[in-house]
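The following exercises concern the contact between two protein chains. Please examine the sequence and the structure before reading the solutions.

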Amino acid sequence: MSTQAIKFYQTGTFTVGNRLLDPAQRSVQATVARTNSINSGHRACQGCGEALGARYAIDAAMAATNNRLIAANATGCLEVFSTPYPETSWQIPWIHSLFGNTAAVATGMAAALKVKGRGDVRVVAQGGDGGTTDIGFGCLSGMFERNDDVLYICYDNQAYMNTGVQRSSATPPAARTATTMSVGAHPGNVFGQGKDLPAIAMAHGIPYVATATVADLRDLEAKVEKAMSIHGARYIHILVPCPLGWGTASHETIRIARLARETGLFPVFEATYGEVTGVSKIRHRLPVEDYLKPQRRFAHLFAPHPDIETIARIQQMADRNIRKFGLVEGGAQ
Amino acid sequence: MLKQTEGSRAVAEAVALCRPEVICAYPISPQTHIVEGLGEMVKSGALSRCEFINVESEFAAMSVAIGASAAGARAYTATASQGLLFMAEAVYNASGLGLPIVMTVANRAIGAPINIWNDHSDSMSQRDCGWIQLFAETNQEALDLHIQAFRLGEELSLPVMVCMDGFILTHAYERVDMPTQQQVDAYLPPYEPRQVLDPDAPVSIGAMVGPEAFMEVRYLAHAKQMQALELIPQHAAEFRSIFGRDSGGLVRPYRCEDAETIVVALGSVLGTVKDTVDELRDSGERVGVLGITSFRPFPLAAVREALEGAQRVVVLEKSLAVGIGGIVSTNVRMALSGLHLHGYTVVAGLGGRAITRASLHRMLRDAIADRLEPLTFLDLDWKLVNNVLAREKQQRRSGPIAEGMLRDVGVVASRVS
Ligand SMILES: Cc1ncc(C[n+]2csc(CCOP(=O)(O)OP(=O)(O)O)c2C)c(N)n1
Ligand code: SF4
Ligand SMILES: [Mg+2]
């Protein structure tokens with residue numbers, strides 16, 4: 001990545017928009033030219049990671065396309081909280097069609113722009129993890145396979161939040177949701193299920209795949225920017241904590257996202273044509289308990305008795321990611 | 001220009017003359033030849049400024065059309081049967097959003113049991129989805145209706161389904177008069193969308209609408225179809241002036257003036273019905289035919305006007321509303337409310353069962369004598385049905401119905417004739 005590395009002591013925070021940076025390196029959000037594509041006043045919960053992720057992603061895409069962007073949106077929290085009509089947060093052309101067809105709608109939009117000779121206008125599609133990994137998977141895979149000129153962004157909050165926190169194929173093992181209840185001998189979601197969508201996207205051999213979190217917003221912006229510099233099918237998978245569904249405090253969203261990365265549970269990387277080309281290294285490797293404990297969806301792992309065995313299984317998942325992606329400085333460990 | 005060609009090919013050429021900009025294709029018989037024809041034209045360059053997209057499902061086909069239409073392109077797709085059901089959610093979405101997509105439905109039965117042959121179950125299943133539905137009687141009309149469909153849909157901002165009988169029309173080689181590009185251009189202006197995703201004038205499309213306005217939005221969908229009732233005859237008249245032939249319109253009465261008995265039907269079966277009616281007329285029976293071209297909007301007034309002088313109405317339909325009987329007939333009854341006519345519903349031709357003149361003759365003789373059952377299944381093999389019913393009475397685990405029935409029939413291949 002071509003961004004300037006900044007040290008914690010320079011900023012006092014991991015947030016972006018910092019005046020110590022060269023203006024060209026600053027966050028899109030730090031400039032008065034930011035488009036506020038998703039304007040304030042929407043109805044997301046306080047501390048919603050999805051609202052934050054979408055704001056950064058779409059403003060960055062706007063900046064990268066000279067404000068020539070049109071968007072499709074799957075049914076889900078982002079769609080519902082952004083368009084309480086007659087109010088709409090969207091300052092860009094935006095369409096919501098259905099829950100499971102967003103990638104295909106975007107394909108149609110891109111085709112229309114191509115045939116109309118409007119190569120300057122670009123297309124972004126967005127959905128939650130349910131709309132992406134489950135019900136919209138067929139259309140998404142089709143869009144990837146045809147290498148249609150669409151950037152698809154998945155806002156992964158690891159469950160169907162809009163309908164009240166049900167399990168999706170992105171829900172992690174042991175997590176409590178409304179359909180993976182924290183009762184019985186093995187409370188929460190089961191192990192050995194679920195989809196690794198970034199890996200599946202890479203398997204399509206598309207030009208660009210990246211993961212990101214709302215803890216590293218400058219990294220997210222840079223990835224969106226890069227994605228918009230490329231034509232063809234592109235996929236960005238953003239981990240967006242959901243205070244309501246995860247049972248976390250509203251002010252903890254960014255810290256929780258950072259912990260997902262720092263424990264190795266959510267590897268942050270990018271890949272071109274199916275090959276990993278960069279990973280975000282873990283700064284201070286932390287045990288998974290640090291990530292799990294603040295989240296009520298994992299409360300059954302700690303009370304009434306610590307479920308050491310299950311926590312160990314989750315730690316193994318993190319260790320596997322760290323090995324696989326070389327997430328810790330100095331190589332695999 | 002006159003040419004001898006396959007129905008599907010004729011439709012493909014007519015669609016190409018309409019200058020579509022995005023075509024999405026997914027294979028399903030009996031529609032496939034249409035999109036194959038168009039794909040070839042795009043690939044060869046004969047149809048330029050058009051994107052041909054091979055999608056992964058019918059749900060995607062309609063969704064791609066939705067995105068393309070919302071971004072300002074003239075969008076077209078075609079499907080049938082299971083494909084129409086597979087895209088159903090997007091079919092409703094396209095009309096709800098007011099996107100003037102044109103789609104051919106090459107009418108085919110719906111399974112189970114899976115069956116590739118013609119009837120109207122597919123289109124009828126979507127009759128209330130908010131699309132305009134036009135039914136073609138001949139291949140000439142099928143190609144003409146596509147040209148009218150783009151014009152009508154774009155004027156109203158509503159999607160239009162052109163329904164043509166699978167195989168009977170799609171695969172039949174017939175003589176058609178193929179219009180010239182100049183004629184089509186004179187009839188069909190470029191697509192000027194009412195709403196478009198354009199960075200120069202951003203809009204949000206597809207917001208949630210609550211109880212405060214949902215009824216009104218739905219009412220407007222109905223009001224637009226009522227506008228279509230006015231426009232369809234006007235467009236047919238204009239079509240005649242440019243292309244020199246009658247095509248489209250709401251209904252097509254045939255020898256109805258003094259008719260005591262009128263058969264109502266849709267699609268290609270009208271040809272066979274007219275031949276039968278001619279024969280009955282020759283033997284002195286006062287029989288007529290009413291073809292319905294526009295099923296949605298349903299032309300209540302025109303149907304009533306055509307039928308009110310008759311004594312009995314026989315609705316011959318290639319669809320079955322399981323648990324009540326007819327679909328078309330329910331609509332026709334609505335047009336006849338308050339009138340005291342003998343009404344008969346004849347379900348015929350399901351899954352490709354041939355509707356022969358001989359059968360129609362027998363059925364109409366019974367109707368004229370008022371001997372016909374109010375709900376008749378034309379040429380139903382009662383022996384086969386009763387076998388299954390008897391078996392089910394005898395044993396609990398009687399097995400799968402269709403397979404048991406086919407065993408009873410024996411190896412005679414499908415009974416299409
Ligand atoms: C075909 C269909 N099935 C189900 C629904 C109900 N539904 C609407 S939003 C939603 C959950 C969305 O979850 P996700 O995609 O993860 O987005 P989130 O709300 O979590 O951001 C569901 C199940 C629907 N609208 N359409
Ligand atoms: S439920 Fe979760 S994803 Fe939805 S608005 Fe609230 S915080 Fe955001
Ligand atoms: Mg979700």
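The exercises below treat the interface in a predicted model.

**Exercise 1.** Determine how many residues of chain A and of chain B are in contact, and what area is buried between the chains.

*Solution.* Begin with the residues: 36 from chain A are in contact with 35 from chain B. Next, take the area: the two chains bury about 2,800 Å² between them. Finally, divide that area by atom type: carbon and sulfur atoms account for 62% of it.

**Exercise 2.** State how many salt bridges and polar contacts link chain A and chain B, and describe the salt bridge of B:Glu21.

*Solution.* Six salt bridges are found across the interface. In one salt bridge, B:Glu21 meets A:Lys116 through their side chains, with an N to O distance of 3.1 Å. This distance satisfies the criterion of within 4 Å, so the pair counts as a salt bridge. As for polar contacts, the count between the two chains is 15 residue pairs.

**Exercise 3.** Identify which helix of chain A gives the most residues to the side that touches chain B, and classify the residues of that side.

*Solution.* Several elements of chain A each supply at least two residues, among them strand 1 (69-73), helix 3 (77-82) and helix 6 (137-145). Helix 4 (102-115) also belongs to this group, and helix 4 gives the most, with nine residues. By class, this side of chain A has 18 nonpolar, 12 polar and six charged residues.

**Exercise 4.** Establish which strand of chain B is joined to strand 2 of chain A, and whether the two run parallel or antiparallel.

*Solution.* Strand 2 of chain A is joined by two bridges to strand 9 (residues 204-205) of chain B, and the strands run parallel. At the residue level, A:Ile95 has B:Ile205 as its bridge partner in strand 9.

Definitions and conventions:
Residues numbered from 1 in each chain as written. Chains lettered and ligands numbered in written order. Predicted model: local features only at pLDDT ≥ 70, side-chain atom pairs only at ≥ 80, totals over all residues. Heavy atoms only, no water. Contact = heavy atoms within 4.5 Å. Buried area = accessible area lost by both parts, 1.4 Å probe. Polar contact = N/O pair within 3.5 Å; in protein donor to acceptor, adjacent residues only side chain to side chain. Helix = DSSP H or I, 4+ residues; strand = E, 2+ residues; numbered from the N terminus. Nonpolar A, V, L, I, M, F, W, Y, C, P; charged D, E, K, R; others polar. Pairing = 2+ DSSP bridges.
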